[in-house]
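Q: Got a minute to go through this one with me? I'd like to talk over what the side chains and helices are doing.

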Amino acid sequence: MFENQPKGLYVLALANTGERFGYYTMLAIFLLFLQAKFGLDSAVSGQIYAGFLALVYFMPLVGGWVADKWSFSKCVVTGLFVMLAGYAVMAVPTDIRSNTSLAILCCALFLIAAGTGLFKGNLQVMVGDLYNDPRYSNQRDAAFSLFYMAINIGSMFAPMMATAMTNVAMKAKGFTYVSSLPSLCNQYLDGANNGNEITEIAAANGMQAGDLTAFATEYITTLTTGYGYAFAVACGSLVLSFLIYFLGRSTYSHILTDKKNQSQKAAAAAGPELTPAQTKARVVALLLVFAVVIFFWMVFHQNGATLTEFAKSCTNPEASGWTRIGFNVWALLSVAVGVYSIFGFIQSKKATGKTVSALVFLAAAGCITYFYMSTPDPVSGLQPQIYQQFNPFFVVALTPVSLAIFSALASRGKEPSAPRKIGYGMIMAAVAYGVMVIGSASGVTGTSGNVSPNWLISTYLLLTFAELLLSPMGISFVSKVAPPKLKGSMMGGWFAATAVGNYLVSIPMLLWGNIPVWMLWVILACICLVSAAFIFSVMKKLESATADSPTPEQTVAEGEKLAAEAEA
């Protein structure tokens, strides 16, 4: 997986890791920030959250169009600085519970979305251009797996950083984070008669409420100041990304030198012309996949919406046993390193490689043992956003496992097609929410409870399996099946479907508190099962569209012909 890769891949991947670290640091606390600072309920905060996600995934359409007219590299750099401006605006303290502050926030969110649109898709295009070189062309799939893994390394550390910055602000004022207090304080400032409840919770957590109006105001202000520190960290991560991108320019500069030549290479790689019937069949197949993708992202991105609400309101803020070390990101990193060392040992052809892998495994095992022995049992005061580190951890740890499984199946001629993997991914997502149904039915009353953290962790594990089956496979399917003259439009269609799915994240948030929690998970599981049934019902049409894709030999031959014509 790491062999025969151009150096530019690692530079671009690390630049993306820094940017994603900042983005997910912000996203981990975004819903909680909206609810605490502005006193918004689940429905309204969910609408803003979903609208922002939709805009983030819609803007790459605009960013790609700008890059085609201007420059991919210039768009990437501009995007970094536009995002930096957005995070900086979010980090500046403003009045709580203020319409002016909310308007300023909306401007910041637009800047972040616009910057992401300029950065995200265009950086991926640059990664792909590295593999136009015949020396690396057969490493394209492994490269995007590495690139995807780099994204999730940044994501894995983000919730920890957001939590740490929150705690810095809270401890400086002698406060302790209690998940129910922000809502109760906002309700009190709105005129609710819940002062006794606030006083009791504050006393139970070592805080003196005193003047309740002053306490409620200061508690919310301090908490949102901590969130502002996290947004400032996002600014720093973007500066780091720019430095990596700028200082490593020599490793990828060859793909930026001659835009006309790049256009010729793209045309050469496009392959043979398709008949109108083939073009229609492929477009229809892609539109069918996009329809399923919409609902996958709707259920998957509940991690920052209803699943965060569940962590806040229904999950025990304590973890014990082996579970407790899962909330230490360094322990998770040790586990991931251990997994990679096992694969390194198996795949190494020399004794030196096997020895190094074995030593790394022993070191990782030692670290895990240390974290287990030194971590208090139980760990208490878990904040809701910390659960969001499990999905990227599982992606990082399971990527080599998934690659090994599919490689073994491919060697036997039994690897499922991309559409089938997408269908299996939807079934796995349904199973994930089935786990939530069981956990909620046994321990949740209304929208409160004391459910074990293991239910959420298990759900994130299953959703990660679904993600690995669907997301990379979907992008691969689009790049393979899209008609050569419509590749840009079809990839734009993928982003558009993702944007629609992200906006639909708001629907379950509208239902939160209006129906039993377990019923909400049943609805999401049913959506997944219906989507899976749909994609399997049109499987023949999808696989026939894949079957008429040109072979590598055809593509190379046609590419040489087009290149010769271009030179003439």
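**Starting at V44**

A: Sure. V44 is partly exposed, with a relative accessibility of 38%. Keep in mind that this is a predicted model.

Q: Which helix is V44 in?

A: V44 sits in α2, the helix covering residues 42-69.

Q: And how far apart are the C-alpha atoms of V44 and A351?

A: They are separated by 59 Å, and the two residues are 307 apart along the chain.

Q: OK, switching to charges. How many salt bridges does the structure hold?

A: Five. One of them joins the side chains of D190 and R97, at 2.5 Å from N to O.

Q: What does the pair of D190 and R97 tie together?

A: D190 is in the loop between α6 (181-189) and α7 (195-204), while R97 is in the loop between α3 (72-91) and α4 (99-130), so the salt bridge links parts that are 93 residues apart in sequence.

Q: Is D190 buried or exposed?

A: D190 is exposed, at 55% relative accessible area. Its partner R97 is partly exposed, at 30%.

Q: Got another salt bridge?

A: K312 with E309, where the closest N and O atoms are 3.6 Å apart. Both residues belong to helix α11 (residues 306-313), and they are three residues apart, about one turn of the helix.

Q: Are K312 and E309 buried or exposed?

A: K312 counts as buried at 17% relative accessibility. The cut-off for buried is under 20%, so K312 falls on the buried side. E309 is buried too, with a relative accessible area of 3%.

Q: What does K421 form a salt bridge with?

A: E415, with 2.6 Å between the closest N and O atoms. K421 is buried at 3% relative accessible area, whereas E415 is partly exposed at 34%.

Q: Back to α6, then. Which of its residues are buried?

A: L181, P182, L184, C185 and N186. Those buried residues pack against α1 (7-38), α7 and α8 (212-247).

Q: What follows α6?

A: G191 does, and its phi is positive, near 110 degrees.

Q: At what angle do α6 and α7 pack?

A: About 150 degrees, with the axes 10 Å apart. Their crossing is left-handed. On the α6 side, L181, L184, C185 and Y188 make the contact, and on the α7 side G195, E197, I198 and I201 do.

Q: What's the contact of α6 with α7 like by class?

A: Six nonpolar residues, one polar and one charged.

Q: Now α10 and α19. What's the angle there?

A: Helix α10 (residues 276-300) packs on helix α19 (residues 517-537) at about 165 degrees, and their axes are 10 Å apart. That makes the two helices roughly antiparallel.

Q: Left-handed or right-handed crossing?

A: The crossing of α10 and α19 is left-handed.

Q: Which residues meet there?

A: From α10 you have L288, V292, F295, M298 and V299. They meet L524, I527, C528, S531, F534 and I535 of α19.

Q: And how many of those are charged?

A: None; the contact of α10 with α19 has 10 nonpolar residues and one polar.

Notes:
Residues are numbered from 1 along each chain as its sequence is written. This is a predicted model: local features need pLDDT of at least 70, side-chain atom pairs count only at pLDDT 80 or more; totals for chains, interfaces and linings use all residues. Side-chain values use heavy atoms; hydrogens and water are left out. A salt bridge is a side-chain nitrogen of Lys or Arg within 4 Å of a carboxyl oxygen of Asp or Glu. Helices (H or I, at least four residues) and strands (E, at least two) are DSSP runs, numbered from the N terminus. Buried means under 20% relative accessible area, exposed over 50%, partly exposed in between (1.4 Å probe, protein chains only). Axes are lines fitted to C-alpha atoms, for helices over the stretch in contact, and angles run from 0 to 180 degrees between N-to-C directions. Angles under 35 degrees count as roughly parallel, over 145 as roughly antiparallel, 65 to 115 as roughly perpendicular and the rest as oblique. A crossing is left-handed if the near helix is turned anticlockwise from the far one by less than a right angle, and right-handed if clockwise. Contact means heavy atoms within 4.5 Å. Ala, Val, Leu, Ile, Met, Phe, Trp, Tyr, Cys and Pro count as nonpolar, Asp, Glu, Lys and Arg as charged, and the others, Gly among them, as polar.
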